[in-house]
Amino acid sequence: MNIVYKKQCEAYKLLTLGDVFSWAGIMYMKTQNFLPESGAERYNAVNLSLGKGACFNDNDEVTPVKAKLVVS
């Protein structure tokens, strides 16, 4: 994965589906809302290193990342 960090943070709500971003040093991708099998909490992002769901509020400050994902 080639990563280029943008310098400024922006609100999570300004990202579009599929955008990759960093939060607390961890890489995520914005997704449509989904429920895990447990149905406990609605997720709207995926942790790219663990493949687990995460939930961000619209006003959470994240760092957009220009990333090129290659699956082989």
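The following exchange concerns a predicted model and the reasoning behind several descriptions of its chain.

Me: How do you know that the whole structure has 0 disulfides?
Reply: A disulfide requires two cysteine sulfur atoms within 2.5 Å. The sulfur of Cys9 has its closest cysteine sulfur in Cys55, at 19 Å, which is too far for a bond. Cys55 is therefore in no disulfide either, the sulfur of Cys9 being the nearest to its own.

Me: Why is Cys9 called partly exposed?
Reply: The relative accessible area of Cys9 is 42%. Buried means under 20% and exposed means over 50%, so a value in between is termed partly exposed.

Me: What makes Cys55 partly exposed?
Reply: Cys55 has a relative accessible area of 38%, and partly exposed is the class between the 20% and 50% limits. For the chain, 28% of the 72 residues count as buried.

Me: How do you know that the radius of gyration of the chain agrees with that of a compact globule?
Reply: For 72 residues, the globule rule gives a value near 11 Å; the chain has 12 Å, and the two therefore agree. The C-alpha trace spans about 35 × 35 × 20 Å along its principal axes.

Me: What is the secondary structure of the chain?
Reply: The chain contains 7 strands and 0 helices, and its pattern along the sequence reads β-β-β-β-β-β-β. Among contacts with a separation of 6 or more, 47% join residues 24 or more positions apart.

Me: What supplies the exposed area of the chain, and how are the charges placed?
Reply: Carbon and sulfur atoms supply 50% of the roughly stated total, about 5200 Å². The centres of the 8 positive and the 7 negative side chains lie 9 Å apart.

How values were computed. Residues are numbered from 1 along each chain as its sequence is written. This is a predicted model: local features need pLDDT of at least 70, side-chain atom pairs count only at pLDDT 80 or more; totals for chains, interfaces and linings use all residues. Side-chain values use heavy atoms; hydrogens and water are left out. Buried means under 20% relative accessible area, exposed over 50%, partly exposed in between (1.4 Å probe, protein chains only). Helices (H or I, at least four residues) and strands (E, at least two) are DSSP runs, numbered from the N terminus. The radius of gyration is taken over C-alpha atoms; the globule rule is 2.2 Å times the number of residues to the power 0.38. Contact means heavy atoms within 4.5 Å. Accessible areas come from the Shrake-Rupley method with a 1.4 Å probe; for residues, only the protein chains shown count as cover. Lys and Arg count as positive and Asp and Glu as negative; His and the chain ends are not counted. The place of a charge is taken as NZ of Lys, CZ of Arg, CG of Asp or CD of Glu.
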